[in-house]
Amino acid sequence: MSIRILVLRAPGTNCDEETARALREVGAHVDVIHTGKLIRREVDIFHYHGLVLPGGFSYGDHVRAGAIWAKKLKARLGDVLLEYVEDERPILGICNGFQVLVELSLLPGWDYESSPQATLAPNISAKFETRWVYLRHENSGKCIFTKNLPKGTILRMPIAHKEGRFLLAHENHLKTLLLKDQIVFRYVKPNGTDANGEYPHNPNGSLYDIAGICNPKGNILGLMPHPERAVYSWQLPDYTSIKHKEEIRYYADGWYIFKSMINYILEEVL
């Protein structure tokens, strides 16, 4: 049985095809489908083993990033999405997709009916930040998207956003994230030490250098960096200087996220 993944797009998304290619690279059958078709029930989300919300600027990021896309999904498909989550099927939100998952309260995922418990606010620099960053894997094995990555692994991926500063509604929520092992990635310096909010290692001013989190069950991941732009070694910024090294890998760090998603589906969903 082939693994079927739905990459959902909306007006303004611009990373759907790169995301689809990354998923096909790890063996999935991928359909890129407009949100309108899902809302009109022309497509059954349960036909798919996993869902990905890609990056971009959905609906022009009017109001705030991801807000309109999230409102449309919640108003017309809220119960369906919740059922999909409770069925423990994987959902990945990349950049704008992360913003949407936060607006939907699917992340951090403590109370789906409440107003958002977190936000992705404008960058401290007040600029659109696009650069490669270093990340440290912080999860102890709960997150299905990083299950094969040892805790403490350092990865490189690019960012491209203006609203990526992760903040929480209440101070004690950070303790909850830590207690529930929901922090997946933190921005770090090239040597792997904490960024401690220092720019540009923490490119947006995120609380506790947070770059990505999962829900309590670990089947939803949202992150600001773009793993679909770090799937192959030739995408790396220093590829021309390292391509002749014997130890160079064919795949780059983003590949592991998509591969782990497929492995989870094979083991737990099919």
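Let's start at one pair of residues: Leu135 stands opposite Leu155 in strand 7. The model we are walking through is predicted, so please read each feature below in that light. Around this leucine pair, strand 6 and strand 7 run antiparallel and are joined by eight bridges. Strand 6 covers residues 129-137, and strand 7 covers residues 154-161.

Strand 6 also has a partner in strand 9, again antiparallel, with four bridges between them. Here His137 finds its bridge partner in Phe185 of strand 9. One step further along, strand 9 pairs with strand 10 in the antiparallel sense, over three bridges. Arg186 has Ile210 of strand 10 as its bridge partner. As a general reminder, strands of a sheet pair through backbone hydrogen bonds, either parallel or antiparallel.

Now let's step back to the whole sheet. It is an open sheet of nine strands, ordered 2-1-3-4-11-10-9-6-7, with mixed pairing. Strand 2 (29-34) and strand 7 each have a single partner strand, so they stand at the edges and one side of each lacks a neighbour in the sheet. On average, neighbouring strands are turned by 20 degrees against each other, direction ignored. Across this sheet, helix 7 (residues 254-269) lies over strand 1, strand 3, strand 4, strand 7, strand 9 and strand 11. Relative to strand 3, the helix runs at about 155 degrees.

What fills the interior? In soluble globular proteins, nonpolar side chains tend to be buried together. In this model the largest nonpolar core has 77 residues, and Ile5, Leu23, Leu92 and Phe166 touch the most other members. Ile5 is a good place to look around. Leaving aside neighbours within four places in sequence, its contacts include Leu23, Val30, Tyr48 and Val52, and also Met261, Ile262 and Ile265. Asp31 and His29 are among the contacts of Ile5 too.

Phe166 leads us to a residue in a loop. Ser206 is found between strand 9 (183-188) and strand 10 (210-214), and Ser206 touches Phe166 along with Gly164, Arg165 and Tyr187, not counting residues up to four places away in sequence. Is Ser206 buried or exposed? With a relative accessible area of 4%, Ser206 falls under the 20% cut-off and is therefore buried.

The charged residues give another view of the same region. The model has 14 salt bridges in total. One of them joins the side chains of Arg136 and Asp194, at 2.6 Å from N to O. This pair links distant parts of the chain, 58 residues apart, with Arg136 in strand 6 and Asp194 in the loop between strand 9 and strand 10. Arg136 is buried at 13% relative accessible area, while Asp194 is partly exposed at 28%.

Another salt bridge brings together the side chains of Glu138 and Arg186, at 3.8 Å from N to O. Glu138 sits in the loop between strand 6 and strand 7 and Arg186 in strand 9, so this pair ties together parts 48 residues apart in sequence. Glu138 and Arg186 are both buried. Together with Asp209, the residues Arg136, Glu138, Arg186 and Asp194 are linked in a network of salt bridges.

Finally, Glu228 and Arg229 also meet in a salt bridge through their side chains, at 3.8 Å from N to O. Glu228 is buried, with a relative accessible area of 3%, whereas Arg229 counts as partly exposed at 27%.

Note on methods. Residues numbered from 1 in each chain as written. Predicted model: local features only at pLDDT ≥ 70, side-chain atom pairs only at ≥ 80, totals over all residues. Heavy atoms only, no water. Core = buried A, V, L, I, M, F, W, Y, C linked by side-chain atoms within 4.5 Å. Buried < 20%, exposed > 50% of the residue type's maximum accessible area, 1.4 Å probe, protein only. Contact = heavy atoms within 4.5 Å. Helix = DSSP H or I, 4+ residues; strand = E, 2+ residues; numbered from the N terminus. Salt bridge = Lys/Arg side-chain N within 4 Å of Asp/Glu carboxyl O. Pairing = 2+ DSSP bridges. Axes fitted to C-alpha atoms, helices over the stretch in contact; angles between N-to-C directions.
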